[in-house]
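Open the model in your viewer, with the sequence panel alongside. The stops below are given as selections, each followed by what is there.

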Amino acid sequence: LEVEVSRAGEAERFLFRGEVVLALVIPEYFGRDLEARDSPEIQILLDGQNSNTAAVAMGYCNRILLEFMRDAMARDTGRDPRLVRSVRFIEPVSRAWYNPELKSVYYMIPGIISILLTIITMVLSGVAIGKGGGMGALGQVLVTPLSAREIIAGKTLPFALLGFLEMGFAMTFGVLWFKVPIVGSLPLLAVLAAVFIFTTLGLGIFISTLVDTQQQALFIAWFFLVSFILLSGFFYPIANMPDWVQIITLANPLRYFIEILRELFLKGAGLTVLWPELLSLLAIGLTIFTLATVRFSRRAAA
């Protein structure tokens, strides 16, 4: 996204929302200082969440400034070599926001927490609920007077609680050991994590309705997990993926939760920024959980 704004506050807003990676702030008297043969200054603001992306963006910006200064030198020296002393050099002043030291661990830890939470809720629940799973054969449970919804609740609630405990432990370890800051609201994080867990548990239930053995459930759950990780932006920026792959990532719940954690951890973003991710997770979760419940009910009635 390339935008031109007239006030510094507008550039800050684009950076906070994650819509731009770099903002080039040109002072009001830049042209005057340049013509007066002073050393004009400009400010470079970087979104330092992803240290690699910030470094690449900074490299491009420095290259552009270097080419600009070379052109200015060529214009002056082309007229008179004695005018080399009049060449105006631009002095960029850089500042990385949200991750001033550009530590990659600040970017990686939220992604790792998201992946661990997906494993606990989706993979383990899919394997456990599946026929012949570690929690007992599903067929024996279906002959009880319990309804399909009660069975689903009994099977998934323990994994939801386990997921919250695992996330709390991973966050504590990340803060105390890796010094990852958590700037955002913890209650908001808990609500958004509950929506994500609701989605991944629905996936686990759906997987269990597709298989007859624990081994099949594990195979399918692992396939979904690897696909989610590769299409989440954890290793490769989604913007660098082919257009048709970017469309597929829209159905990936892990993509949205990783973005939520990074925004909350480093920027302290609220619902005014995170509402698109929340709506996407709700849409995916409701769709998957509805399909899973319908298939599970049909299997129970069969």
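A crossing of two helices is called left-handed if the near helix is turned anticlockwise from the far one by less than a right angle, and right-handed if clockwise. Keep that rule at hand for the helix pairs below. Note also that the model is predicted.

**Whole chain**

Start with the protein chain in cartoon view. There are 11 helices and 3 strands to find. From the N terminus onward, their order is α-β-α-β-α-β-α-α-α-α-α-α-α-α. The chain has 302 residues, and 43% of them count as buried. For contacts between residues at least 6 apart in sequence, 72% join residues at least 24 apart.

**Helices α7 and α10**

Two packed helices are described by the angle between their axes and the distance between the axes. Select residues 186-208, which form helix α7, together with α10: the angle between the two is about 165° and their axes are 11 Å apart. Angles over 145 degrees count as roughly antiparallel, and α7 and α10 are therefore roughly antiparallel to each other. Look along the line from one helix to the other to check the hand: α7 and α10 make a left-handed crossing.

Now show the side chains at this contact. On the α7 side, pick Leu188, Leu189, Leu192, Ala193, Phe196, Thr199 and Leu203. Their partners in α10 are Pro253, Leu254, Phe257, Ile260, Leu261, Leu264 and Phe265. By class, the residues of this contact of α7 with α10 are 13 nonpolar, 1 polar and no charged.

**Helices α4 and α10**

Keep α10, residues 253-267, and add α4, residues 104-129. Here the packing angle is about 135°, and the axes are 9 Å apart. As a result of that angle, α4 and α10 are oblique to each other. The crossing of α4 with α10 is right-handed.

Which residues of α4 meet α10? Select Tyr106, Tyr107, Pro110, Gly111, Ile113, Ser114, Ile115, Leu117 and Thr118. In α10, the residues they meet are Leu254, Phe257, Ile258, Leu261, Arg262, Phe265 and Leu266. The contact of α4 with α10 is made by 12 nonpolar, 3 polar and 1 charged residues.

**Salt bridges at Lys267**

Side chains of opposite charge can pair when their charged atoms come close. How many salt bridges does a search of the whole structure find? The count is 2.

Select Lys267 and Asp47 for one of them: the N to O distance in this salt bridge is 3.2 Å. Lys267 belongs to helix α10 and Asp47 to strand β2 (residues 41-47), so the pair ties together parts that are 220 residues apart in sequence. Are Lys267 and Asp47 buried or exposed? Both are buried.

Add Glu263 to the selection. Glu263 also forms a salt bridge with Lys267, and the closest N and O atoms are 3.6 Å apart. Glu263 and Lys267 are separated by about one helical turn, because they are 4 residues apart in helix α10. Glu263 is buried, as is Lys267. With these residues displayed, you have a network of salt bridges that links Asp47, Glu263 and Lys267.

**Loop between α6 and α7**

Go to the loop between α6 (148-177) and α7 and select Lys179. Most residues other than glycine have a negative phi, and most peptide bonds are trans. Lys179 has a positive phi, near 60°. Its relative accessibility is 55%, so Lys179 counts as exposed.

Val183 is in this loop between α6 and α7 too. Leave out neighbours within four places in sequence, and Val183 is in contact with Leu264, Phe265, Leu266, Lys267 and Gly268. For a backbone distance, pick the C-alpha atoms of Val183 and Ala269: they are separated by 8.3 Å, with the two positions 86 residues apart along the chain.

**Met58 in α3**

Finish at Met58, in helix α3 (residues 51-79). Met58 counts as buried because its relative accessibility is 16%. Apart from residues up to four places away in sequence, Met58 touches Leu22, Ile44, Leu46 and Ser94. Add Val21 for a last distance: the C-alpha atoms of Met58 and Val21 are separated by 9.5 Å, and the two residues are 37 apart along the chain.

Notes:
Residues are numbered from 1 along each chain as its sequence is written. This is a predicted model: local features need pLDDT of at least 70, side-chain atom pairs count only at pLDDT 80 or more; totals for chains, interfaces and linings use all residues. Side-chain values use heavy atoms; hydrogens and water are left out. Axes are lines fitted to C-alpha atoms, for helices over the stretch in contact, and angles run from 0 to 180 degrees between N-to-C directions. Angles under 35 degrees count as roughly parallel, over 145 as roughly antiparallel, 65 to 115 as roughly perpendicular and the rest as oblique. Contact means heavy atoms within 4.5 Å. Ala, Val, Leu, Ile, Met, Phe, Trp, Tyr, Cys and Pro count as nonpolar, Asp, Glu, Lys and Arg as charged, and the others, Gly among them, as polar. A salt bridge is a side-chain nitrogen of Lys or Arg within 4 Å of a carboxyl oxygen of Asp or Glu. Buried means under 20% relative accessible area, exposed over 50%, partly exposed in between (1.4 Å probe, protein chains only).
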